[in-house]
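Welcome, and please open your viewer before reading on. Have the selection tool ready, and take the stops in order.

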Amino acid sequence: MKDLIQKYLNCIPLRSEELYNRFLHHKMSYMKMMENGFPLPDPESPGKVLLFNNNVFTRQNNPEHQTCRCGKILSMLKDDWYLDDEGCHYHLGKQMFVGPEYGLYTCCKTISPGCAFNKHHVSFYHPFEDIKFVHTEDKKDKAGRKASNIFSIDCEMAFTTKGMEAVKTSLVSINGEVVYDSYVQPSNPILDYNTAFSGVREEHLRQVTTKLEDVQAQLLRLLNKDSILIGHGVENDLLALNLVHENVIDTSFVFPHERGHPLKNSLKYLAEIYLHKNIQDGYVGHNSIEDAKTCMELMLWKIYSETRATFVARPRAPKAFPVNTFQSNNFYPKYSIPYDPYKVASMFPPTFVCFHVAVTPPITPFAVLCTTGNYFQPMGAQWWPGHM
């Protein structure tokens, strides 16, 4: 939503260069990018690309040993690796391992072999061998190190005979404007449009003549080496686009998983927790423009929380409290207590019960309720005080 982005921009008390530098604080380091499978320039051989495959995120980097969605082990070295008379039965959702629905899949709430079917097997492999990667250039322009040089990106991908390839690319500016949005005709035949997640159907690509090289040319025209590129799981987008860029912010690292590395929060989860916004609803497909804007909104929320002195950047607890309650003054929903023992202690001061026993008979015990002077009344339908 452009209005939400504008709302944050209007509330952030920073000039263009200061806002750019604030974003730059969240840039991924070279080591972090290397650990997570980003395409990186080779410092010893200009123009060449380094791809580090020995990390926990770049799964299935060996084309000789691939795992399909149905669990079957495949070798992409064979020309007909995707063919199978029985087809491919798989689940769209993930298997749950906690709660009363333990062992069930989120898509169909069953433990069946698969609730979805495709006549071909597929692979999550990125076909980057023998492909020329393009590098963003160190060119001088008016944007330079200003906020206007901050973008968010998202790609939708489909399964082809060579693995996963980009079929749609969207680029959004810091103002929420769609700078570039285009469908892409992949280089290899499509086995599955992956519509449940990509939102792309056969009719969308029927008249498309845009190739990956055309997308690269447009991105190189819009971006330079100083451009800050924001995304969620950006390494997948850069690999799909065969693009090398080092000024990258990944929202999955800015908002880390509560159980730490190597787990990552989904963009849907982050949008619900921090923005009170529902995206990627059901299995009808993602919207690359919506996802790119959500990444920008999350980073603006982060910058806003850092620059507002009286605000503590904590999300509300998911689904534990009413979802529709929202207070722009402090971001805490109704009945939600911020987890801070000092603040909780000041909001609910201790209550003492004092017993007084007379020395002389008759013995008449009685209780006196003592409270401190800053006692708060029960909250009821109130919001937490703004200064908290």
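What follows is a short walk through a predicted model, stop by stop.

**The whole chain**

Start with everything shown as a cartoon. You are looking at 388 residues, of which 44% are buried. The fold holds eleven helices and 16 strands. Among contacts with a separation of 6 or more, 62% join residues 24 or more positions apart.

**Helix α10**

Now select residues 288-307, which form helix α10. This helix has 20 residues and runs 29 Å from its first C-alpha to its last, close to the 28 Å expected at 1.5 Å a residue. How much of α10 is buried? The count is 17 of its 20 residues, so the rest of the structure largely encloses this helix.

Zoom in on the start of α10 and show the side chain of Asn287. One of its oxygens reaches to within 3.0 Å of the backbone nitrogen of Ile289.

**Where α2 crosses α10**

Keep α10 on screen and add residues 16-24, helix α2. Two packed helices are described by the angle between their axes and the distance between the axes. Here the axes come within 11 Å and cross at roughly 105°. The two helices are therefore roughly perpendicular to each other.

Which residues meet at this crossing? From α2, show Leu19, Arg22 and Phe23; from α10, show Met299, Leu300, Ile303, Glu306 and Thr307. Sorted by class, this contact has five nonpolar, one polar and two charged residues.

**Asn36, in a loop**

Next, select Asn36, in the loop between α3 (30-35) and β1 (40-41). Is Asn36 buried or exposed? With a relative accessible area of 1%, Asn36 is buried. Show Lys32 too: its backbone oxygen lies 2.7 Å from a polar atom of the Asn36 side chain.

**Ile73, in a strand**

Move on to Ile73, which belongs to strand β4 (residues 73-74). Ile73 is partly exposed, with a relative accessible area of 48%. Leaving aside residues up to four places away in sequence, Ile73 touches His65, Gln66 and Thr67. Then add His121 to the selection: it is 48 residues from Ile73 along the chain, and their C-alpha atoms are separated by 9.9 Å.

**Three backbone stops**

For the last part of the tour, turn to the backbone. Most residues other than glycine have a negative phi, and most peptide bonds are trans. The next stops depart from that pattern.

- Select Asn242, in the loop between α7 (234-241) and β13 (243-244). Its phi is positive, at about 55°, although Asn242 is not a glycine. Asn242 is also buried, with a relative accessible area of 3%.
- Select His261 and Pro262 together: the peptide bond from His261 to Pro262 is cis, with omega near 10°. Pro262 sits in the loop between α8 (251-254) and α9 (267-274).
- Finish at His276, in the loop between α9 and α10. His276 has a positive phi, near 55°, and is a residue other than glycine. Its relative accessible area is 25%, and His276 is partly exposed.

From His276, you can step back to α10, since the loop holding this residue lies between α9 and α10.

Technical notes: Residues numbered from 1 in each chain as written. Predicted model: local features only at pLDDT ≥ 70, side-chain atom pairs only at ≥ 80, totals over all residues. Heavy atoms only, no water. Helix = DSSP H or I, 4+ residues; strand = E, 2+ residues; numbered from the N terminus. Expected span 1.5 Å × (residues − 1). Buried < 20%, exposed > 50% of the residue type's maximum accessible area, 1.4 Å probe, protein only. Polar contact = N/O pair within 3.5 Å; in protein donor to acceptor, adjacent residues only side chain to side chain. Axes fitted to C-alpha atoms, helices over the stretch in contact; angles between N-to-C directions. Parallel < 35°, antiparallel > 145°, perpendicular 65-115°, else oblique. Contact = heavy atoms within 4.5 Å. Nonpolar A, V, L, I, M, F, W, Y, C, P; charged D, E, K, R; others polar.
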